[in-house]
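Student: I'm new to this one and I'd like to know where the labels come from. Can we go through them together?

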Amino acid sequence: MAKLLTIQGGKPLRGEVHVRGAKNLVPKSMVASLLGSEPSELRNVPEIKDVEIVTNLLSIHGVKVDRDAASGVMTLDPRETYSAEHTEIDTHAGDSRIPILFCGPLMHKNGEAFIPDLGGCRIGDRPINYHLEVLRNFGAVVDKRPTGIHISAPKGLRGAKLELPFPSVGATEQVLLTAVLAEGITELKNSAVEPEIHDLIAILQQMGAIITVYTDRTIRIEGVSRLSGFRHRSIPDRNETASWASAALVTEGDIYVRGAAQRDLTAFLNTYRKIGGEFEVDDDGMRFWHAGGPLNPLVLETDVHPGFMTDWQQPMVVALTQANGVSIVHETVYENRFGFTEALTRMGSSIQLHRECLGSNPCRFGQRNFLHSAVISGPVTLHGADIDVPDLRGGFSHLIAALAANGTSNVTGIEIISRGYEHFIDKIAGLGADISISER
Ligand code: EPU
């Protein structure tokens with residue numbers, strides 16, 4: 001039965017939440033363990049749906065995964081891996097995009113891999129053309145079948161000279177996870193350099209990989225013939241941290257995020273301060289609160305790291321509905337990441353979407369038919385509404401809006417949020433919100 005979350009808005013969120021390992025790193029580190037000839041240990045593992053999906057996918061390939069949920073310690077033993085049935089992969093992949101990252105490791109281990117129909121959030125087409133192109137360059141044979149994509153490496157995988165059309169996080173991870181055991185040298189230009197990529201590189205280096213990152217977005221990987229295991233503590237989830245920070249701002253609350261780290265939030269914190277949020281940092285986490293007085297409108301463009309991340313855009317748009325004036329947000333990473341504003345408009349926001357690039361950086365979507373710029377006028381009084389969550393980040397932003405709104409909101413589809421936000425209902429309740437959950 002589906003869950004219904006009922007929120008009586010209008011109470012400032014106050015108190016403490018604990019943020020653990022990054023959703024956009026932990027599942028990939030788990031995939032990396034497949035490359036090893038020995039067991040690995042991963043710490044700071046959160047209890048989220050994406051971790052569960054990868055646990056199941058690894059298990060059907062023979063990897064023994066043990067996890068202590070409370071301490072967040074996971075061990076992964078890949079010493080007896082084998083190929084899995086396509087139907088089994090299909091069943092366990094759910095709506096995650098992670099299966100595509102199994103290709104390199106599985107080809108190294110078993111000579112073949114299978115990718116079912118890929119899901120992920122509804123935030124654009126989310127194609128896999130970069131992934132397939134780099135895999136072909138390593139020597140893989142890609143066979144598209146009605147059930148999914150079968151990939152094999154009849155002559156093994158060899159290092160290659162590669163350049164991405166856009167610094168894609170997933171395609172960079174694909175290259176790393178494939179090149180480390182490929183024969184010879186791989187050079188990847190225009191790679192992503194997100195903190196989660198650096199953490200994955202640290203893991204692979206521990207396993208025995210030789211990887212150099214240059215300042216011009218080039219990564220060079222010298223293939224080795226064998227990798228061992230790793231012992232690693234995941235970086236904290238900077239997107240979850242930014243979400244709680246935004247919730248503190250919009251509800252005029254005060255939230256201490258235990259486990260948060262300042263270093264990978266520079267662009268977010270600059271924006272947070274400009275709009276009217278305050279923060280302080282200590283060794284164990286970060287505190288976020290509303291500085292008092294009206295919030296300031298601003299012009300914001302999402303970008304690849306070290307820019308303002310696309311996953312911070314949605315909670316920040318909710319904050320901008322409360323700013324005193326007109327704000328502009330230009331989304332340059334995904335073509336269709338403003339779908340969540342439809343519910344905000346029903347809740348009383350004034351948000352217009354535009355096809356033009358309304359920022360100073362023209363992006364790939366400017367000449368095409370995508371509503372990828374938003375003009376937000378504030379401040380408005382938000383009121384409760386019935387909401388069906390469209391995607392992970394958009395969904396959490398709806399919760400923030402509902403928590404700040406006057407009146408009652410009924411939210412369905414909240415299962416999507418558990419893909420990336422650990423125990424979020426308990427956390428929201430613990431911050432003093434007036435919420436209840438029922439089945440329907
Ligand atoms: N792209 C292609 N072809 C490809 C791959 C990507 O055109 O083969 C395009 C995408 O459509 C998009 C752009 O390249 O327009 C960037 O996509 P990227 O590959 O960087 O994204 P991803 O690896 O699929 C990860 C995160 C996203 C995060 C982005 C950007 C995971 C599991 N997902 O996605 O996180 O927004 O990087 O940093 O790591 C989220 O957490 O809610 C989320 C969507």
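Tutor: Sure, let's start at the ligand, where a nitrogen atom is 2.7 Å from an N or O atom in the side chain of Asn129. Keep in mind that this is a predicted model.

Student: What makes the pair at Asn129 a polar contact?

Tutor: Set the value against the cut-off: a polar contact is a pair of N or O atoms within 3.5 Å. The ligand nitrogen and the side-chain atom of Asn129 are 2.7 Å apart, so the pair counts.

Student: How do you know that Asp311 and Pro127 make polar contacts too?

Tutor: By the same test. A polar side-chain atom of Asp311 lies 2.8 Å from an oxygen atom of the ligand, and for Pro127 a polar backbone atom is 3.2 Å from a ligand oxygen. With the limit at 3.5 Å, both pairs qualify.

Student: How much of the ligand's accessible area does the protein cover?

Tutor: On its own the ligand has 830 Å² of accessible area, and the protein covers 93% of that. Two or more residues of the shell come from each of α5 (129-137), α6 (169-179), α10 (310-320) and α12 (392-404). Of these, α5 gives the most, with three residues.

Student: Which residues are closest to the ligand, and how many surround it?

Tutor: There are 24 around it, and the closest are Lys23, Lys28, Asn129, Ser168 and Val333. Sorted by class, the shell has ten nonpolar, six polar and eight charged residues.

Student: Okay, now the sheet. What makes β3 and β13 a pair of strands?

Tutor: Pairing needs at least two bridges. Three bridges join β3 (residues 40-43) to β13, so they pass, and they run parallel. Along that pairing, Leu42 stands opposite His232 and Glu41 stands opposite Arg231.

Student: Why is the pairing in this sheet called mixed?

Tutor: Strands can pair either parallel or antiparallel. Here β3 runs parallel to β13, but antiparallel to β5, to which three bridges join it. Both kinds occur, so the sheet is mixed. On the antiparallel side, Ser40 stands opposite Leu76 in β5.

Student: And why is the sheet called open?

Tutor: Its four strands come in the order β4-β5-β3-β13. The edge strands, β4 (64-68) and β13 (231-233), each have a single partner, so one side of each is left without a neighbour in the sheet. From one strand to the next, the twist averages 15 degrees.

How values were computed:
Residues are numbered from 1 along each chain as its sequence is written. This is a predicted model: local features need pLDDT of at least 70, side-chain atom pairs count only at pLDDT 80 or more; totals for chains, interfaces and linings use all residues. Side-chain values use heavy atoms; hydrogens and water are left out. Axes are lines fitted to C-alpha atoms, for helices over the stretch in contact, and angles run from 0 to 180 degrees between N-to-C directions. A residue is near a molecule or strand if one of its heavy atoms lies within 4 Å of it. A polar contact is a pair of N or O atoms within 3.5 Å; within protein, one must be able to donate a hydrogen and the other to accept it, and residues adjacent in sequence count only if both atoms are side-chain atoms. Accessible areas come from the Shrake-Rupley method with a 1.4 Å probe; for residues, only the protein chains shown count as cover. Ala, Val, Leu, Ile, Met, Phe, Trp, Tyr, Cys and Pro count as nonpolar, Asp, Glu, Lys and Arg as charged, and the others, Gly among them, as polar.
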